[in-house]
Amino acid sequence: MASQKKPSISSRKSPKQARSNELVAAILEAAAQVLAKEGVARFTTARVAERAGVSVGSIYQYFPNKAAILFRLQSDEWRETTDMLIATLVGDDQPPLERLRRLVVAFIQSECDEADMRVALDDAAPLYRDAPEAREAKAAGERAFHAFMAEVLPKASEEARATAVSLILSTMSAVGKDFSSSPRTRDEVEAFSAAMADMFCAYLRDIETRSL
């Protein structure tokens, strides 16, 4: 039996002019609002069009289906997170572990700020989680973290550094998701982030000591 073809998640075309950019931005803003209010089950291109004040045909100029819109929202979120990660970890005069502390605080705060949207996008993940675009969207951040780890642990083995990257990224993702599932104050975010950063720094210092 032939497997069912998955819907395309690639945009039909990229906007070239300012007016087209404004239209796509309006569509994505409307999509985020519909997703937050209605959830994935009731998310449709018709509702997005109504919220954006445009025709469904205007949406189809740029997005072939709702999966493509949802993937664009997710990939934009991935890109913002990756840009923050790279900006914090790379090209900064602060000591490496201070950069890591700043990253943890910024990441946990962003998880709390975007909790509702993240939950909705997680529900939509089956539409695109196996797509090559999904894997590629995360690759840049992982490369930056590997470069950072080589700076922090220059004498550690490649295996030890790779394990550290995997452990820190997976812990930040899982614990950040759990922590942000309830409303948090700024003080709670800072206290929690500081404790998590202390844990990561102690772990990396231990690897460094054992590598000498």
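1. Let's start with serine 173, which is found in helix α8 (helices are DSSP runs of H or I with at least four residues, strands are runs of E with at least two, and both are numbered from the N terminus). With a relative accessible area of 40%, serine 173 is partly exposed; buried means under 20%, exposed over 50% and partly exposed in between, using a 1.4 Å probe and protein chains only. Serine 173 and phenylalanine 107 are 66 residues apart in sequence, yet 8.9 Å apart in space, C-alpha to C-alpha.

2. A word on what you're looking at: this is a predicted model, where local features need pLDDT of at least 70 and side-chain atom pairs count only at pLDDT 80 or more, while totals for chains, interfaces and linings use all residues. Residues are numbered from 1 along each chain as its sequence is written, and side-chain values use heavy atoms, with hydrogens and water left out.

3. Now the overall picture. The protein chain has nine helices and zero strands, so reading along its sequence gives α-α-α-α-α-α-α-α-α. Of its 212 residues, 38% are buried.

4. Phenylalanine 107 also turns up among the buried residues of α5, which include Leu100, Leu103, Val104 and Ile108. Some charged or polar names are on that buried list too, including Arg99, Gln109 and Glu111 (the classes are: Ala, Val, Leu, Ile, Met, Phe, Trp, Tyr, Cys and Pro nonpolar; Asp, Glu, Lys and Arg charged; the others, Gly among them, polar). How far apart are the end C-alpha atoms of helix α5? They are 26 Å apart, which agrees with the 26 Å expected for its 18 residues, 96–113, at 1.5 Å a residue; the expected span is 1.5 Å times one less than the number of residues.

5. On to the rings. There are two aromatic pairs, counting rings of Phe, Tyr and Trp (its six-membered ring) with centres within 6.5 Å; planes under 30 degrees apart are stacked, over 60 edge-to-face, and the rest tilted. One pair, phenylalanine 145 with phenylalanine 148, is edge-to-face, at 6.0 Å centre to centre and 80° between the planes. These two are three residues apart in helix α7 (residues 132–152), so about one helical turn separates them. Phenylalanine 145 is buried at 0% relative accessible area, and phenylalanine 148 is buried at 2%.

6. Phenylalanine 179 and phenylalanine 192 make a stacked pair, 4.0 Å centre to centre with 15° between the planes. Because phenylalanine 179 lies in helix α8 (residues 158–179) and phenylalanine 192 in helix α9 (residues 186–211), the pair ties together parts 13 residues apart in sequence. Phenylalanine 179 is buried at 6%, whereas phenylalanine 192 is partly exposed at 28%. The charged end of arginine 184 sits over the ring of phenylalanine 179, 4.1 Å from its centre; the rule asks for NZ of Lys or CZ of Arg within 6 Å of the ring centre and within 35 degrees of the ring normal.

7. Finally, the second largest pocket, with a volume of about 230 Å³. A pocket here is an open set of points on a 1 Å grid where a 1.4 Å probe fits, with protein on both sides within 12 Å along at least five of seven lines; lining residues have an atom within 4 Å of a point. Which helix gives the most to the lining? That is α4, with four residues. By class, the lining has five nonpolar, no polar and five charged residues. Glu29 is one of the lining residues; glutamate 29 is found in helix α1 and is partly exposed at 46%.

Notes
Grid points are joined across faces, edges and corners, and a volume is the space filled by probe spheres set on the points.
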